[in-house]
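Student: Could you take me through one part of this model in detail, the place where the two chains meet? I would like one connected account.

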Amino acid sequence: MDSSPSTDLVARVGRLESSIKRNRVLALAVVLIVFATAQTSGPATLATTYSSPLIVRDASGASATLSSTGLTIVDAAGKERTFVGVDSGGRPSLDQSDASGRLRQSMYLLNDTPEFRQFDSVGKRRLEMSLNSANDGQLLLSDQNEKLRLALFRTASGDPQLALYGSDEKLRADFSTDDVSPHLVMKDATGATRITAGGYKDGSIGMDIRNAADTVLWKAP
Amino acid sequence: MDGLLSDRIARLENVARRERAIAIGLLALLMATGQAPAPTSSGPVIITSSTSSATLDSRGLTVRDHSRELLFAGMDSSGKPSLDLSDSAGRLRESMYLLAGNPILRDFDAAGKRRAEVFLAGDSGNGEFLIFDAAEVRRLALFHGSSGLPEFALYGSDAKVRAYLSTDDGMPYLGMNDNGGATRLVMGAYTGGRAGMDVRDSAGKALWSQPK
């Protein structure tokens, strides 16, 4: 076995050269990573920029997460309870959910139109306040089958109206006014008008009662 | 042979010094540009300006103007998801929250009285819209009655109903009451599907009715 000092020295130097080559490759890789991922720090006096969500937690496990789309509050059970921001559909939105995580109340812009909705515990829409396509305000109450039962709105001609509907969602009563006079109309389940009080289309004012066949039973004056 | 080795070792020493310098440079570059990992905090994050501050804690976001809370969005102190808007005096004026899990939106006057609200009733999930007077007495309501029928009702300052318009699946009806609670005028559906109207005295006796 050759174990002269010169031979040992040659072997050690050889290992050193190999190590330096390896280190050089590693250093080059680090440089590439740094340049690929480095970000300049923002102007600290104006804003703090985070490239990932900012999360604030407490001991119970509840958390608030501020991300690029908004603020999300999660309770200690891990259920999302509040969201304020721009939702997954790109709508500015405020959402509140119950302890089971079910959405119960939401205020948002639907197709850029303001909308406020309340949902029951099984997720049915029961109350809605919004601007319609004509930008008129409306309040709608629906039953547990999501059938419209009561509405406050403006008609196509712009008249304000209170309307009541049956469980078939058909109109039963409307109380409205135009610029001449108000009127109250009551209809039966078939849609026949049975009572009218107030202004008639000819401009007169009065009231009448009809049967289901539309025969006038009484009229005044 | 020794001379050759000596040259090689000298070169290696130069290389090592150069790479050490590079390593130090890289370290400095990393420190200057490096980004912290996803920031997680157990304490609140507070952003202040000369006029206001915003505090983000695990319950939500609070915006204050000096010492007054103007806006809160999150989970309130009793665990309700809530959006609260307060006026320049720090009084709560509008609140949108879940009360016992049920949604409600309330508006308050400057004296802190509830003046308008929309909500879903806790037992039925039926929607209601209410307007109150300055004494917080209900004066107008849109709602589903106990039997699920939609109703519009007007109330006196004694909170007693004076007028109501409602409907079932048959026909609607309108009633007007006096301050004693007696029905004085009825219009709409009568039993048997008949339509009509009548005027009564305070004892409930019909004074006039149609059709005969």
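Tutor: Happy to. The contact between the chains, meaning heavy atoms within 4.5 Å, takes 79 residues from chain A and 78 residues from chain B. Please keep in mind that this is a predicted model, where local features need pLDDT of at least 70, side-chain atom pairs count only at pLDDT 80 or more, and totals for chains, interfaces and linings use all residues. Residues are numbered from 1 along each chain as its sequence is written, chains are lettered from A and ligands numbered from 1 in the order in which they are written, and side-chain values use heavy atoms, with hydrogens and water left out.

The size of an interface is often given as the accessible area lost when the parts come together. Here, the area buried between chain A and chain B (accessible area, 1.4 Å probe, that two parts lose on being put together, summed over both) is about 6,100 Å², and carbon and sulfur atoms give 71% of that. On the side of chain A that touches chain B, helix H1 (residues 5-37) of chain A gives the most, with 14 residues; helices (H or I, at least four residues) and strands (E, at least two) are DSSP runs, numbered from the N terminus. Sorted by class, that side of chain A has 46 nonpolar, 15 polar and 18 charged residues, where Ala, Val, Leu, Ile, Met, Phe, Trp, Tyr, Cys and Pro count as nonpolar, Asp, Glu, Lys and Arg as charged, and the others, Gly among them, as polar.

What about charges and polar atoms? The rule finds 0 salt bridges across the interface of chain A and chain B, a salt bridge being a side-chain nitrogen of Lys or Arg within 4 Å of a carboxyl oxygen of Asp or Glu. There are, however, 14 residue pairs in polar contact between chain A and chain B, both residues at pLDDT 80 or more. A polar contact is a pair of N or O atoms within 3.5 Å; within protein, one must be able to donate a hydrogen and the other to accept it, and residues adjacent in sequence count only if both atoms are side-chain atoms.

The backbones meet too. Strand S1 (residues 54-57) of chain A pairs with strand S1 (residues 40-41) of chain B in the parallel sense, over 2 bridges; two strands pair if DSSP finds at least two bridges between them. Within this pairing, Ile55(A) has Thr40(B) as its bridge partner in S1(B).

As for the partner itself, chain B holds 1 helix and 17 strands. Of the 212 residues in chain B, 41% are buried, that is, under 20% relative accessible area (1.4 Å probe, protein chains only), with exposed over 50% and partly exposed in between.
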